[in-house]
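Dear colleague,

Please find below the structure that I am handing over to you. A short account of the findings follows it.

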Amino acid sequence: MILQNILIWFVIIPIIMLAGLALSKKMSQIRTVMVVCSLALCGLATWLCIDFLDQRAAGNTAEMLYCGDWMWYAPLNIKLSVGVDGISVLMLMLSAVIVFAGTIASWKISPLPRNFFLWFALLSMGVFGFFITIDIFTMFMFYEVALIPMYLLIGVWGTGRKEYSAMKLTLMLMGGSAFLMLGLLGIYWHSGPGADGAAHTWNILEIAHNGNIEKGWQYFLFPMTFVGFGVLGAMFPFHTWSPDGHACAPTAVSMLHAGVLMKLGGYGCFRIAIYLLPQAANDLAWIFIILTGISIVYGAFSACVQTDLKYINAYSSVSHCGMVLFAILMLNTTAMTGAIMQMLSHGLMTALFFALIGMIYGRTHTRDIRKMGGLMQIMPYLGVCYMIAGFASLGLPGLSGFVAEMTIFFGSFQDADLFHRIFVIAATCSIVITAVYILRVVGKLLLGPVHDEHHRQLTDASWYERLSTVTLIVCIAAIGCFPNWINETIQHSFFPIIENLKAAI
């Protein structure tokens, strides 16, 4: 029975959330539905992670666990196929934490709070569905479900040039989806029939094991799928939607957008483009290494010249997400491990950044760092939290950013030729640039004299703001201080991908 599979509940709980919101009339009821359901998702993700590690420790080396398979549309062999490996489990955990933190950060959202949370819940359902499915058609369906609510969430509840930013984001991501759809259809039509006469399949594991996609077609399909997912990962030159989208989105949407939604891009590149098209990945990776290398350095330099807090963090996200794709393209286990750690680290710290920026903006009514100063004297809790997020971003040891970036750079440099090492060295320079803009913002925003005397009347964080930020900070410190559990979770997940890549050489 479908309900007996634990993974299905990652979609059912958001559906329950939607139903509960539709029936809610008062703000207290809306908050209760969101908090209860988001806590249920956190609990489910935690239990899944613990049980997953127990099964691996017990010797279960299956590529995917908790698998389920139900026919959805027989003429095209479309199934609701679910299953997770260590990478998927961590992405589900990340998503659950940020959905909970975003819910708490939106405690006093207005106007139309019920409508806001309805779209927020639909976005969450798309994200969770994407990470649990191993059928590429269903994965694409959940991918689109996650993208569509962004237009209304930004266009209605955003700030600034919200209509322009919402439309720009939608058009750019839909353009990426068009490339992606062509790539996925090509993979499907060249997935079979296999040696046993099996029909065409959408199942990722079956396609990878059949290995029927011809090299010539891989050269055509790999750019389609990598660019399609890379647009959402803010890969240069398709990144321009990201800063405007981040800057105009409401706080919780920025948190979920940067913290989770952009991870769909990196996850899709890893799970589809690299795994299913290994010959093209080996031969064409150098092209995208150049583009992602530009993303890393360009995003960091662009953040240096911004004065709007959200634009600073948005361009920082371009740099950090570029690092994820850069590491995946190195096609070795160590660099890929760093990429997954970077996805987790960036998701948590950028969600914390956007939460704090929203809290500061709600008090000062400005995001211009030139108009603020001395906030550490006025709101010390928010100031300390902002410094922790900044130090995580620039790679301070003991926080998540250090572990992720060092793993990426060590993995990318090892056994690399001159071409790859030149780009690794260039990417490493982004650490210095990141330190420049983070310390610049901390100095202008938090330290020094108070620029506006009216700011002295402002209050520090409320209880629900503290709950949201503490949740994220604890996770950032947990990864930084105890990174080995992440490695234990994902170490088996790379074996089939690396074997496919080696076999294709």
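The notes below cover confidence, the core, one helix and one surface patch.

This is a predicted model, in which local features need pLDDT of at least 70 and side-chain atom pairs count only at pLDDT 80 or more, while totals for chains, interfaces and linings use all residues. Residues are numbered from 1 along each chain as its sequence is written, and side-chain values use heavy atoms, without hydrogens and water.

The mean pLDDT (the predictor's confidence in each residue, from 0 to 100) is 88, and 98% of the residues reach 70 or more. By element (helices being DSSP runs of H or I with at least four residues, strands runs of E with at least two), mean pLDDT is highest in helix α1 (residues 9-23), at 93, and lowest in helix α21 (residues 495-504), at 82.

The largest nonpolar core (buried Ala, Val, Leu, Ile, Met, Phe, Trp, Tyr and Cys joined through side-chain atoms within 4.5 Å; buried means under 20% relative accessible area, exposed over 50%, partly exposed in between, with a 1.4 Å probe and protein chains only) has 191 residues. Helix α14 (residues 333-364) supplies its largest share, 18 residues. Phe10 is among the members that touch the most others. Beyond its neighbours within four places in sequence, Phe10 is in contact (heavy atoms within 4.5 Å) with residues including Leu41, Phe128 and Ile132.

In α21, the buried residues include Pro496, Ile497 and Leu501; their cover includes α11 (251-276) and α14.

Finally, Leu76 lies in the loop between β1 (65-73) and β2 (78-84). Leu76 counts as partly exposed because its relative accessibility is 33%.

With kind regards
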